Amino acid sequence: TQSYDVVILGGGAAGIATAASLLKRRSDLTIAIVEPSGDHYYQPGWTLVGGGVFSQEQTRRSEVTLIPKEANWIREAVVSFAPESNGVTLSNGAKLHYRALVVALGIKLDWAAIPGLAETLGKNGVTSNYRYDLAPYTWKLVQELQHGTAIFTQPPMPIKCAGAPQKAVYLSCDAWRRRGVDKDIAVEFDVAGPSLFGVAAFVPALMNYIRRYKVDLELKSKLVAVDGPKGIATFERVREGGTETVERKFEMLHVVPPQVAPDVVRESKLAGKDGFVTVDPATLRHVTYDNIFALGDVAGTSNAKTAAAARKQAPVVAHNVVATLAHRAPNAEYDGYGGCPLTVERGKIVLAEFGYGGKLMPSLPKWLLNGEKPTRLAWFLKEKVMPALYWYAMLKGREIMVKPKYKTGG
Ligand code: FAD
């Protein structure tokens, strides 16, 4: 058994940011990062890969270049938790002992939940921006489609980046408009939930684009099966008379898969009923185990599951882990901030930023950037500023505009 001050599970957005923030606070800590993948992905960029703006390679970097030098990278997967004895077991059978544990394992894309989907992904016109290898296929399909029906789907919540399914709709429609084939392509957007977007303030601007692109918006319509070779998607739609099963023929199908907590978490004592790690929404500390924290998509909190959220959460967790190791109360608090830049057309974005309970939390003053309206500035931020902020600030522990609130008396 190897022993560390802090074991971080997952070397994604949240895990790397937390490691860097911890080392900024206490460079003497012994830290292990458990991450099986040799590559790290900037997933927010995949929307722009599917929209023909970014290349696939722009969204990938090797983990070795991102894991802080002072931390130990353990290239295995975690397979079980023993929170009572402060240990985790890895895929090679090794056990790690920790003084504090940070769970940052992300969310599981449940492709298998839709019969017929997995085997047709990447062919027969079926694609998804939710996978690195498939996002370029989205753009290829968009460029090649001349006429017919294009269907886009959004599964039930929770999903990471709840706006990403409709970003794919708008960027595709915009490309078809520019090419002059929009009148020959019928676009349908099937949303499992009851509304286009969870925070009402942003819906009017988005509905303008639904109308402009003449998208057939079907709410409470859930994808339940795909037949790739026949080009048929099956939906369950909640309608006046009850639930209807509808078969729709498509030439292109962009699927966002249902998403669940990672198996290893769901089956552990760390999970709540929903399968995610039950943490205090402010301190991000586990409700039962005082030396366990969770952040990013795996946290059972009600914020929008976004890299933007992880950016704000990492300093909170880092501060509270350091406090816990020093036997002080965790007094840094996360406000639920999350951000979702909705790419409504090439060159314009509706920048939804909000915290717990849907409270609007714009980063910039409204006169400079009104997030409820499509703006060019927001597109500039998404294309040029946010990737740089991610690689060179967030993942390096440079905490720009993310200072946590501290509960007084802590
Ligand atoms: P991840 O970054 O997914 O990292 C999880 C890590 O855990 C991975 O490296 C994985 O390999 C590792 N792991 C998994 N299982 C194990 C195991 N058993 N043991 C050890 N390690 C394991 N966010 C935004 O802020 N803005 C956007 O515009 C935006 N757009 C998006 C568009 C798309 C198409 C997608 C897919 C996501 C988007 N997001 C966006 C969401 C954002 O990418 C995620 O919220 C963010 O990556 C969450 O970070 P995380 O560290 O929790 O998870």
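## Exercises: Thr-120 and the ligand shell

In this predicted model, Thr-120 is in contact with Val-126, Val-226 and Gly-228, once neighbours within four places in sequence are set aside.

**Exercise 1.** Place Thr-120 in the secondary structure, then decide whether Thr-120 is buried or exposed.

*Solution.* Start with the element: Thr-120 belongs to helix 3, which spans residues 117-120. Next, take the relative accessibility of Thr-120, which is 2%. Buried means under 20%, so Thr-120 counts as buried. Finally, look at the side chain: that of Thr-120 makes a polar contact of 2.9 Å with the side chain of Asn-124.

**Exercise 2.** Find polar atoms of the protein that lie within 3.5 Å of a ligand oxygen atom.

*Solution.* Begin with side chains. An N or O atom in the side chain of Gln-43 is 2.9 Å from an oxygen atom of the ligand, and for the side chain of Lys-382 the distance is 3.1 Å. Then turn to the backbone, where a polar atom of Ala-307 is 2.9 Å from a ligand oxygen. As for cover, the ligand taken alone exposes 1,000 Å², and the protein buries 89% of that.

**Exercise 3.** Describe the shell around the ligand by its residues, elements and domains.

*Solution.* Count first: 32 residues surround the ligand, with Glu-35 and Asp-297 among the closest. Sort them next, into 16 nonpolar, 10 polar and 6 charged. Now trace the elements: those supplying at least two shell residues each include helix 1 (13-25), helix 8 (307-325) and strand 21 (338-345). Last come the domains: domain 1 (2-107 + 261-339 + 381-406) and domain 2 (111-258) each contribute at least three residues to the shell.

Methods
Residues are numbered from 1 along each chain as its sequence is written. This is a predicted model: local features need pLDDT of at least 70, side-chain atom pairs count only at pLDDT 80 or more; totals for chains, interfaces and linings use all residues. Side-chain values use heavy atoms; hydrogens and water are left out. Helices (H or I, at least four residues) and strands (E, at least two) are DSSP runs, numbered from the N terminus. Buried means under 20% relative accessible area, exposed over 50%, partly exposed in between (1.4 Å probe, protein chains only). A polar contact is a pair of N or O atoms within 3.5 Å; within protein, one must be able to donate a hydrogen and the other to accept it, and residues adjacent in sequence count only if both atoms are side-chain atoms. Contact means heavy atoms within 4.5 Å. A residue is near a molecule or strand if one of its heavy atoms lies within 4 Å of it. Accessible areas come from the Shrake-Rupley method with a 1.4 Å probe; for residues, only the protein chains shown count as cover. Ala, Val, Leu, Ile, Met, Phe, Trp, Tyr, Cys and Pro count as nonpolar, Asp, Glu, Lys and Arg as charged, and the others, Gly among them, as polar. Domain bounds come from an automatic or database domain assignment.
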